[in-house]
Every structure is written in C-alpha cells, then in structure tokens.
Amino acid sequence: MRIRSSEITSKALYLRRREFLALGAAGAGALLLPRHARAAETPHGRKLDGVKPGQPSTEEKKNSFEEITHYNNFYEFGTDKDDPARHAAKLQTRPWTVKVEGECAKPAAFDIDELLKLPLEERVYRLRCVEAWSMVIPWDGFPLATLLEKVQPTSRAKYVAFETAVQPKNMPGVGAFGAIPFPYLEGLRIDEAMHPLTLLAVGMYGEELPKQDGAPIRLVVPWKYGFKSAKSLVRIRLQETQPPTTWSQYGGGTEYGFYANVNPEVDHPRWSQAKERRIGELFRKPTQKFNGYADQVGKLYAGMDLRKFF
Ligand code: MTE
C-alpha cells in the first residue's frame, strides 16, 4: 500500500513515538506539558568579511533567516524542529579545531578562526530533507576540496568520514532516552567530497553560522538528502574503506542509505519522495533528481543502479 504524504512520520516523530511508547502511560504525560515559548530573538552572529558571490547559485526565492534558524534538525539539541533554536545557544564554538587526518601526507588541525580567513563565497543552494521538506539557503563557505587539498590525500584515500561535536553538558539530546547514538557520523566517497558543489559552510546570509545550523562549520552536499550535511564538524578522516554513518545503521539499515542522493523515483520505505514541501509555501512541488544538480553530479554515478545504491 502506498502511504499518503499526510501520513508521513518524520524521523523526529518516529523517535519521539518510540520514546513515548517506552515511557508508558504514566511518564508520557510529561510530553503533553506546554512547550516553552520560542526564543524571542533570532540570533545574529558576526558579519563575515569579503564574501564573494559564487557559482552555482539558484535564483529561487530564498528562505528567510527566521525560517532557516527556527525549523531545524539537530538531534543533539532535541527532536522537535524548534528544539535547536531553543537549546543550541549553549553550544561552545570557541576554541574550535577541525582535525583532518588519515590517508594524507600532511594531517593537520585547523583552527576555526584560520579557516574563516579563507576566501569565502556565497552559494545559494536548495536543501532537501529526507522528510520531504525543503528550503533555499544562502550559505557562505568554501569548497571542501580546498581543505582536503591542504593535507594532500594519498591514493588510498577512497572515502571521507565526518565526525561532529559532542558536548554532553550543552546538548540536551545527547544521552537522552531514545536518542540516536552520538557523535553524529557521516561519509562521502572521495570524488563526491572533492566535487566543487560540496561546501564547508561557515556562514549564512553573510553572518557567522547560527549555532542551530551547525556552527562554527558544517558540511553542505546539495544533491543529497539533508542528513548527509553534518553539522558542527570536529574531525574529517580520509580512509580506504566506506565509513559507517549514523543514519545508514538506523532502522535496520534500510531507511537512510550511504549515498542518499535525492531521487523522486526511490521512495522512503515509509513515504513517497516524489514531492516536497518548500518551507513557507502552500503547495507541494515535484522533487528533482539529484535535487536539481543532475547536470553537475550525475556523471559521478554512471553505471550505478541508483535504486540499489540508495
Ligand atoms: N548534523 C548533526 N550533527 N546532527 C543532526 O541531527 N541533522 C541532519 C543534518 N546535519 C543533523 C546534522 C539533518 S536530518 C538535516 S535535514 C540537516 O542537518 C538540517 O539542516 P538545517 O537544520 O540547518 O536545515
């Protein structure tokens, strides 16, 4: 039976339902308590200097700063879409280093304030979440390839593994009942990682990245479902073998694949991916293959059965 989109259970709801069932009737009342008021002010960070317009950038209407910072997935801060906006202020983003290591000639730890001095460009990308919503976001950042080239990957570097921050005292979702395991792990094939579309974002709308969007530095892979775009990166590892990832191990390994290329023809086991809801718009729109970036990235997958390699 085909599931109607109105019946979609998002990852967040699915996790919360498991929590609810596990809590049982007595404890469940806690989930029905009124929610805290949303943070009254939208956090604005330091302005970034000298950001140049970059290509490609979509001409589509951008989502507002308010939308991009108040409808988030960042499970370290909770499973509701407004949890990151309410809790992420506690994230400590200084001092912050990103270690780049593994199969490379010059492993190094990069201080975030040094990375912020790299030439930055604005890329306006579509972000398509596996939960069938999407946004248009003006990221500020630099290609991941710029960082990887600095450490000189060896010929054995076939994959790149990403690890994100864990600050148990500052992240209410870490160690919470029913939460996914942390650190949040992601991975790419080396050619995907080196592709010019793959971005390390350090800002948004010309300002340092808001904490709920993955400060101080996050991955953005616009042709893949949003869960590949790991937030608050602390370690990048070049390696010969395909790394395990948080979501590809979840749900028996059948729900969120390693490749996770946006594809309207491959449904999630529990809902259709044919259409998406652009946050702020009324009517759903058709989902585009590779999220509209097929011309740039389609060739990376020549000869691969994209149904099999979800
Ligand atoms: N990164 C970390 N560390 N933790 C997360 O829970 N969620 C992912 C991704 N990166 C997530 C993460 C998911 S499911 C999506 S859709 C995007 O972040 C959402 O990015 P946004 O909230 O900035 O729109």
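What follows is a working chat about a predicted model of one protein chain.

User: Before the details, how many helices and strands does the protein chain have?
Analyst: In this predicted model, the secondary structure of the protein chain comes to 7 helices and 13 strands.

User: And what share of the residues is buried?
Analyst: Of the 310 residues in the protein chain, 53% are buried. The accessible surface comes to about 14400 Å², and 55% of that surface belongs to carbon and sulfur atoms.

User: What about contacts, how many join residues at least 24 apart?
Analyst: If one takes the contacts between residues at least 6 apart in sequence, 74% of them join residues at least 24 apart.

User: Switching to the open sheet of 5 strands, what's the order?
Analyst: The order is β3-β2-β11-β6-β7, and the pairing in this open sheet is mixed. β3 (108–111) and β7 (185–189) each have a single partner strand and stand at the edges, so one side of each is left without a neighbour in the sheet. From one strand to the next, the twist averages 20°.

User: How do β6 and β11 run, parallel or antiparallel?
Analyst: They run antiparallel, with 6 bridges joining β6 (residues 159–164) to β11 (residues 233–239). As an example of the register, T164 stands opposite L233 in β11.

User: Which strands does helix α5 lie across?
Analyst: Helix α5, which covers residues 144–151, lies across β2 (97–102), β3, β6 and β11, and its direction is at about 60° to that of β11.

User: Which of its residues are buried, and where do they sit around the axis of α5?
Analyst: The buried residues of α5 are L144, A145, L147, L148 and V151. Viewed down the helix axis, these buried residues fall within an arc of 160°, so they line one face of α5. As general background, an α-helix has 3.6 residues a turn, so residues three or four places apart point the same way.

User: What follows α5?
Analyst: The helix is followed by Q152, whose phi is positive, near 55°.

User: Different topic: where is E103?
Analyst: E103 is placed in the loop between β2 and β3.

User: Which side chains does its side chain make polar contacts with?
Analyst: The E103 side chain makes a polar contact of 3.0 Å with the side chain of T154, and a polar contact of 3.3 Å joins the side chains of E103 and R156.

User: And what is E103 in contact with, leaving aside neighbours within four places in sequence?
Analyst: With those neighbours left aside, E103 is in contact with P153, T154, R156, A157, L238, Q239 and E240.

Note on methods: Residues numbered from 1 in each chain as written. Predicted model: local features only at pLDDT ≥ 70, side-chain atom pairs only at ≥ 80, totals over all residues. Heavy atoms only, no water. Pairing = 2+ DSSP bridges. Helix = DSSP H or I, 4+ residues; strand = E, 2+ residues; numbered from the N terminus. Axes fitted to C-alpha atoms, helices over the stretch in contact; angles between N-to-C directions. Contact = heavy atoms within 4.5 Å. Buried < 20%, exposed > 50% of the residue type's maximum accessible area, 1.4 Å probe, protein only. Arc of directions from axis to C-beta. Areas by Shrake-Rupley, 256 points an atom, 1.4 Å probe, with all protein chains shown as cover. Polar contact = N/O pair within 3.5 Å; in protein donor to acceptor, adjacent residues only side chain to side chain.
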